[in-house]
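I opened this notebook page to record what I looked up, one topic at a time. The structure comes just below, and my entries follow it.

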Amino acid sequence: TASSDDQQYKDAYETLVTAEPAFIHPTSVLSEKKPDYVVFHELFESDKICMRGVCAVEPEWLPVLASSQCTFSKPLEQPPPVYEPTSGTVKCHMSSTY
């Protein structure tokens, strides 16, 4: 059986700005969907810490939205890097973990 702490934090999200878990407010349209990853505008406190201005994001968006929180691999050999003459840069693929 799950402990009461486990049940209390069942729908909680870990955030980068506070050590305490945060929740999607029950009035949010996302409260029933419970996406795996979200971004939010602000936190507020009611009976618990809730997120306001919540938007679901796909995991593959995290390297763009939260690159400072990701760890990137060395450039992958496949597909090979490509030179972009318009920007004067070399584009490569990398794997990342969040």
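**Entry 1, the pocket.** I began with the largest pocket, which holds about 450 Å³ of space; I note here that I am working from a predicted model. I then listed what surrounds this space and found that 16 residues line the largest pocket, with Glu-14, Thr-15, Leu-16, Val-38 and Tyr-98 lying nearest its centre. Going by elements, I noted that β2 (38-39) and α2 (62-65) are the ones that give two or more residues to that lining.

**Entry 2, a nonpolar patch.** Leu-16 and Tyr-98, which I had just written down for the pocket, came up again when I looked at the surface, where Leu-16, Val-17, Tyr-37 and Tyr-98 form a nonpolar patch with about 430 Å² of accessible area together. I followed one of these residues further and placed Val-17 in the loop between α1 (4-8) and β1. Is Val-17 buried or exposed? Its relative accessible area is 62%, and since the cut-off for exposed is over 50%, I entered Val-17 as exposed.

**Entry 3, the sheet.** I next traced the strands and found an open sheet of 3 strands in the order β1-β4-β3, with mixed pairing. Why is one side of β1 and of β3 left without a neighbour in the sheet? Both β1 (23-24) and β3 (42-45) stand at the edges and have a single partner strand each, so one side of each has no neighbour there.

**Entry 4, the hairpin.** I looked more closely at β3 and β4, which form a hairpin with 3 residues between them. Strand β4 covers residues 49-52, and its pairing with β3 is antiparallel, over 4 bridges. Checking individual partners in β4, I wrote down Cys-50 for Phe-44 and Met-51 for Leu-43.

**Entry 5, salt bridges.** How many salt bridges does the structure hold? I count 2 in the structure, and I took them in turn. In one, the side chains of Glu-42 and Arg-52 meet at 3.1 Å, N to O. This pair links distant parts of the chain, with Glu-42 in strand β3 and Arg-52 in strand β4, 10 residues apart. I entered Glu-42 as partly exposed at 32% relative accessibility, and Arg-52 also as partly exposed, with a relative accessible area of 40%.

The other salt bridge joins the side chains of Asp-11 and Lys-10, with an N to O distance of 3.8 Å. Here I noted that Asp-11 is partly exposed at 31% relative accessible area, whereas Lys-10 is exposed, its relative accessible area being 56%.

**Entry 6, a buried residue.** I finished with Ala-22, which is found in the loop between α1 and β1, the loop where I had also placed Val-17. Ala-22 has 0% relative accessibility and therefore counts as buried, while Val-17 in that loop is exposed. I also looked up the separation of Ala-22 from Leu-43: their C-alpha atoms are 7.8 Å apart in space, although the two residues are 21 residues apart in sequence. Leu-43 is the residue that I had already recorded with Met-51 as its bridge partner in β4.

How values were computed:
Residues numbered from 1 in each chain as written. Predicted model: local features only at pLDDT ≥ 70, side-chain atom pairs only at ≥ 80, totals over all residues. Heavy atoms only, no water. Pairing = 2+ DSSP bridges. Patch = residues over 30% accessible without salt bridge, like charges linked within 9 Å, V, L, I, M, F, W, Y side chains within 5 Å. Areas by Shrake-Rupley, 256 points an atom, 1.4 Å probe, with all protein chains shown as cover. Salt bridge = Lys/Arg side-chain N within 4 Å of Asp/Glu carboxyl O. Buried < 20%, exposed > 50% of the residue type's maximum accessible area, 1.4 Å probe, protein only. 1 Å grid on protein atoms, 1.4 Å probe; cavity = no way out; pocket = protein on both sides within 12 Å on 5 of 7 lines; lining within 4 Å. Points joined across faces, edges and corners; volume = space filled by probe spheres on them.
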